[in-house]
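This briefing is for a reader new to the structure shown below. Topics are taken one at a time, in bullet points.

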Amino acid sequence: MTEKLYWRDSHLTAFTARIVDAGEHAGKPYLVLDRTAFYPTGGGQPSDVGRLGRLRVVEAAIEDDGRILHYLDAAPSARIGDEIEGEIDPKHRCEIMQQHTGQHILSQAFFRLYGAETRGFRISDGIAEIDIALDANISEVPRAIERAEDLADEIVFEDREIRTYELTPDQAAQLPLRKESFITDCVRVVEIDDFDFSPCGGTHAKRTGEVGLIAVRGWERAKQMIRIRFVCGVRALRDYREANGIVDALSRRLTVGRDEIEASIVRLGDENKALSRRVRDLSAMAAKAEADELLAAAGETRGRRTVVRIFDDRSLDELKLLAHRLTEQTGVVALLAVRDAASARLVFARSSDLQVDMSVWMREVCTKLDGRGGGKPDFAQGGASRVDLLEAELRDITEHTK
Ligand SMILES: [Zn+2]
């Protein structure tokens with residue numbers, strides 16, 4: 001079993017230890033020491049990172065027998081029995097410690113205010129989460145979270161002392177511990193002065209002030225609980241900077257003050273809707289006028305007027321709209337396409353008084369253009385890649401198909 005120096009002093013970042021075992025797991029070399037300040041992955045908290053000698057420790061992991069494996073980025077030259085110097089990355093440790101200690105405080109705040117227990121806890125790269133058994137209506141949740149956040153930050157600002165100690169299970173049973181311990185031979189208790197007793201093997205701040213700030217980022221319902229995402233300390237500062245940058249950029253772009261941003265976006269949305277309606281109406285009018293113009297210029301063969309047009313700058317919706325306007329009149333076949341350098345979209349339509357089958361025409365043309373298409377006898381759509389042959393094939397189908 002590796003001696004846990006991080007239990008005695010969570011601010012210890014440099015130490016010496018003796019190598020008691022070395023090996024490799026899944027291609028990753030590791031060292032086992034007689035004692036370590038590296039917190040291993042566990043309890044919802046990620047492992048410390050840092051250095052052993054000249055090598056980087058990418059992760060520490062605890063085995064069932066209590067040995068802590070330090071996984072390295074390269075094979076070590078040091079041997080069993082050698083003494084080695086270890087160094088924890090202090091910024092990483094501080095950031096994780098702030099989130100972890102913040103979790104104790106926030107969880108107890110929910111328990112104090114609502115009797116709501118914490119059922120799950122995770123720290124990931126950017127965010128920490130707790131699952132709270134909070135029985136509240138959705139409409140009440142934001143206010144309930146705000147009150148817990150306020151209480152938690154009061155505890156932070158009061159800079160209360162945090163003590164950790166190990167007790168026998170009998171001694172621990174006398175304390176109002178917040179959750180059941182999973183350690184059977186001894187219980188390591190983390191006590192936040194006059195606020196929280198919790199059994200925990202993690203790394204904690206010495207005073208609540210070190211947590212800096214506890215800020216809730218968001219929440220959602222998850223498995224009949226409330227999942228709360230939060231950031232503490234340096235992460236809260238980072239998050240504030242990012243949010244502030246977004247608000248500042250929006251404020252400049254919209255040329256309004258911060259408190260007017262939301263109203264400004266709502267107004268833009270309304271204007272956009274009105275403009276979209278106007279564009280739709282104008283497009284319908286334009287399609288009607290364009291259809292009349294195209295029909296006036298269309299030649300008549302086999303008793304039908306055929307309009308063939310290839311556009312370079314039309315949406316598919318505009319193409320369909322024009323096809324419908326053209327074929328509202330009797331005796332019309334409309335063969336329309338829009339193309340760019342690499343592909344073409346095709347729309348074929350005919351008036352209801354005609355018998356020719358547009359889906360047959362479409363399949364025939366698309367086959368020749370390395371594409372696919374189909375539809376109904378009076379309306380068909382397709383897409384093709386041989387843009388170079390598009391014009392010739394559209395002319396060809398009007399001349400050769402009955
Ligand atoms: Zn803890």
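**Glycine 42**

Glycine 42 is partly exposed, its relative accessible area being 24%. The model is a predicted one. The points below cover this glycine, a zinc site, two groups of paired strands with helices lying across one of them, and an arginine in a strand.

- Glycine 42 sits in the loop that runs between β4 (35-36) and β5 (50-52).
- Glycine 42 is 20 residues from isoleucine 62 in sequence, and the C-alpha atoms of the two are 8.0 Å apart in space.

**The zinc site**

- Four protein residues donate to the zinc ion: His100 through NE2, His104 through NE2, Cys200 through SG and His204 through NE2.
- These donors lie 1.9 to 2.2 Å from the zinc ion.
- Along the chain, the donors of the zinc ion are spaced as H-x3-H-x95-C-x3-H.
- Histidine 104 belongs to helix α2 (residues 90-114), while histidine 204 is in the loop between β13 (196-199) and β14 (214-222), so the pair ties together parts of the chain that are 100 residues apart in sequence.
- The arrangement around the zinc ion is tetrahedral because its 4 donor atoms subtend angles of 101 to 123°, and four donors count as tetrahedral if all angles lie between 85 and 135 degrees.
- Histidine 104 is buried, at a relative accessible area of 1%.
- Histidine 204 is also buried, at a relative accessible area of 3%.

**Strand β2 and its partners**

- Strand β2 (residues 14-25) pairs with strand β8 (residues 83-88) in the antiparallel sense, over 5 bridges.
- Threonine 16 has glutamate 85 as its bridge partner in β8.
- β2 is also joined to strand β3 (residues 28-33) by 6 bridges, and these two strands run antiparallel.
- The bridge partner of isoleucine 19 in β3 is leucine 33.
- β2 and β3 make a hairpin with 2 residues between them.
- Alanine 26, in the turn of this hairpin, has a positive phi of about 50°.

**The open sheet and the helices across it**

- An open sheet is built from 4 strands in the order β9-β10-β15-β14, with antiparallel pairing.
- Its edge strands are β9 (118-123) and β14, each of which pairs on one side only.
- From one strand to the next, the twist averages 20°.
- Within this sheet, β14 and β15 are paired in the antiparallel sense over 8 bridges.
- Alanine 222 has methionine 225 as its bridge partner in β15.
- Helix α2 lies across β9, β10 (128-132), β14 and β15, and runs at about 140° to β15.
- α2 is also the helix that holds histidine 104, one of the pair that ties together parts of the chain 100 residues apart.
- Helix α3 (residues 141-157) lies across β14 and β15, and runs at about 145° to β14.

**Arginine 227**

- Arginine 227 is placed in strand β15 (residues 225-232).
- Is arginine 227 buried or exposed? With a relative accessibility of 18%, arginine 227 counts as buried, because the cut-off for buried is under 20%.
- The side chains of arginine 227 and aspartate 131 are joined by a polar contact of 2.8 Å.
- Setting aside neighbours within four places in sequence, arginine 227 is in contact with Arg122, Glu129, Ile130, Asp131, Gly218, Trp219, Glu220 and Ala222.

Note on methods: Residues are numbered from 1 along each chain as its sequence is written. This is a predicted model: local features need pLDDT of at least 70, side-chain atom pairs count only at pLDDT 80 or more; totals for chains, interfaces and linings use all residues. Side-chain values use heavy atoms; hydrogens and water are left out. Donors are N, O and S atoms within 2.8 Å of the metal (3.2 Å for Na, K and Ca); water is not among the atoms, so sites may look incomplete. Four donors count as tetrahedral if all angles lie between 85 and 135 degrees; four count as square planar and six as octahedral if opposite donors are over 155 degrees apart and all others between 65 and 115; anything else is irregular. Buried means under 20% relative accessible area, exposed over 50%, partly exposed in between (1.4 Å probe, protein chains only). A polar contact is a pair of N or O atoms within 3.5 Å; within protein, one must be able to donate a hydrogen and the other to accept it, and residues adjacent in sequence count only if both atoms are side-chain atoms. Contact means heavy atoms within 4.5 Å. Two strands pair if DSSP finds at least two bridges between them. Axes are lines fitted to C-alpha atoms, for helices over the stretch in contact, and angles run from 0 to 180 degrees between N-to-C directions.
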